[in-house]
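Let's take a walk through this model together, starting where its parts meet and then moving on to its cores and its rings. Keep the structure open beside the text as you read.

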Amino acid sequence: MRAVRYHEHGGPEVLQVDDVPTPEPGPGEVRIAVEAAGVNPVDTYFREGAYAPPALPMIPGSDVAGVVDAVGDDATRFEPGDRVFGTGLGNDRQGTYAEEVLAPEDRLAALPDGVSFVEGAAVALVGVTAWRALFDHGDLNPAETCLVHGGSGGVGHVAVQLADAAGARVTTTASEAYHRRLPEFGANAILDYARDDLAEAVVDAGNPDVVLDHKLDHYLQFDADVAAEGARVVGIGEDDPAVGFDAVGAARSKDVEFHFMSMYNTPDFAGVLESLATLMADGLLVPDVHDTYALDEAADAQRDVLDASFFGKLVVDV
């Protein structure tokens, strides 16, 4: 089979397409004939060595969508021919930029017939991230106000839809170029993140009860300043690991809770994925795919996921 691999850490140029043996599923695993694999910034962190992969050479990629074509011992949830999607790979095991991939069946869910493989791969990691942030950590309730930083991004545009489906009022930030599209995803208030009076504008839209923050080094103090009393702030990432408050009293005076999470720590991938599948089947969650790439264009995909400006997600279409 063909698989994208890196044999050493470095820039996108270290990615190459290799011919490798087709893997055989072990206990509790299924083998998937890959139709699509999501492209996420975290894929580049493993490639660069910022996060440690289990071994080199390594196949990148966390998200997968495809058709089960072999089942290991003790794997009982799926059988050959099933359409599935999943995430949580490429961390403790080989990833998904390949024609075939092994996955523990508890990191997969059935992909609804009306949902394409590209959509399944696009929604998996970002959907689990957004779900965990908003509902497991943020305890978002109907009629609450939710602030999603970066609503045009991969996690952001899914989080906006999930918060809207939950009955929350959604405020989001984005570049002005994307403001026109965000109302169709469920955003009630869309603010240019570059405006000088952003904090005042967020407060005018309603002090948020839940904040989803993907750039803690930019917005941690901001979140504390604008949060409602008893708010829950969930941090999923940062550009600079040096994160801190300028004035922690803003958070303490309102009993604001801060949660910092990693998608890879999700205790029940399958359960969250099944919920996402239901929402996709019902048309309440529609991932937006900006562009697709072939396996031999994986380096371009990993450059673009960090450097290009786009709405939604990038996907390797195998």
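Begin with the boundary inside this predicted model: domain 1 and domain 2 bury about 1100 Å² between them, and 63% of that area lies on carbon and sulfur atoms. On the domain 1 side, the residues that lose the most area to domain 2 are Leu285, Asp288 and Phe311, which together account for 46% of what that side buries. To place the two parts on the chain, color residues 2–125 + 268–317 as domain 1 and 138–260 as domain 2. Their centres, taken over C-alpha atoms, are separated by 28 Å, and 13 residues of domain 1 are in contact with 11 residues of domain 2.

Now stay with Phe311, since this ring has further partners to show you. Phe311 forms an aromatic pair with Phe185; the pair is tilted, with 5.2 Å centre to centre and 35° between the planes. The two residues are 126 apart in the chain: Phe185 sits in the loop between β9 (169–174) and β10 (189–192), while Phe311 belongs to the loop between α8 (298–307) and β15 (313–317). Both Phe185 and Phe311 are buried. The charged end of Arg181 also sits over the ring of Phe311, 4.4 Å from its centre. You can find a similar arrangement at Phe117, where the charged end of Arg83 sits over the ring, 4.5 Å from its centre.

Next, look into the interior. The largest nonpolar core has 76 residues, and Phe85, Tyr97, Leu134 and Leu162 have the most contacts inside it. Helix α2 (residues 117–137) gives the most to this core, with 14 residues. Each of the two domains, domain 1 and domain 2, supplies at least three residues to this core. A second, separate core has 15 residues, among them Leu191, Tyr219, Ala251 and Val256.

Tyr219 brings us back to the rings. Tyr219 and Phe222 form an edge-to-face aromatic pair, 5.8 Å centre to centre with 70° between the planes. Both lie in helix α5 (residues 216–226), three residues apart, which is about one turn of the helix. Are these two residues buried or exposed? Tyr219 counts as buried because its relative accessible area is 14%, under the 20% cut-off. Phe222 is buried as well, because its relative accessibility is 13%.

To finish the tour of aromatic residues, pick out Tyr45, Phe46, Tyr51 and Tyr264, which form one aromatic cluster. The count of aromatic pairs comes to eight.

How values were computed. Residues are numbered from 1 along each chain as its sequence is written. This is a predicted model: local features need pLDDT of at least 70, side-chain atom pairs count only at pLDDT 80 or more; totals for chains, interfaces and linings use all residues. Side-chain values use heavy atoms; hydrogens and water are left out. A nonpolar core is a set of buried Ala, Val, Leu, Ile, Met, Phe, Trp, Tyr and Cys residues joined through side-chain atoms within 4.5 Å. Buried means under 20% relative accessible area, exposed over 50%, partly exposed in between (1.4 Å probe, protein chains only). Helices (H or I, at least four residues) and strands (E, at least two) are DSSP runs, numbered from the N terminus. Domain bounds come from an automatic or database domain assignment. Rings of Phe, Tyr and Trp (its six-membered ring) pair if their centres lie within 6.5 Å; planes under 30 degrees apart count as stacked, over 60 as edge-to-face and the rest as tilted. A charge sits over a ring if NZ of Lys or CZ of Arg is within 6 Å of the ring centre and within 35 degrees of the ring normal. Contact means heavy atoms within 4.5 Å. Buried area is the accessible area (1.4 Å probe) that two parts lose on being put together, summed over both.
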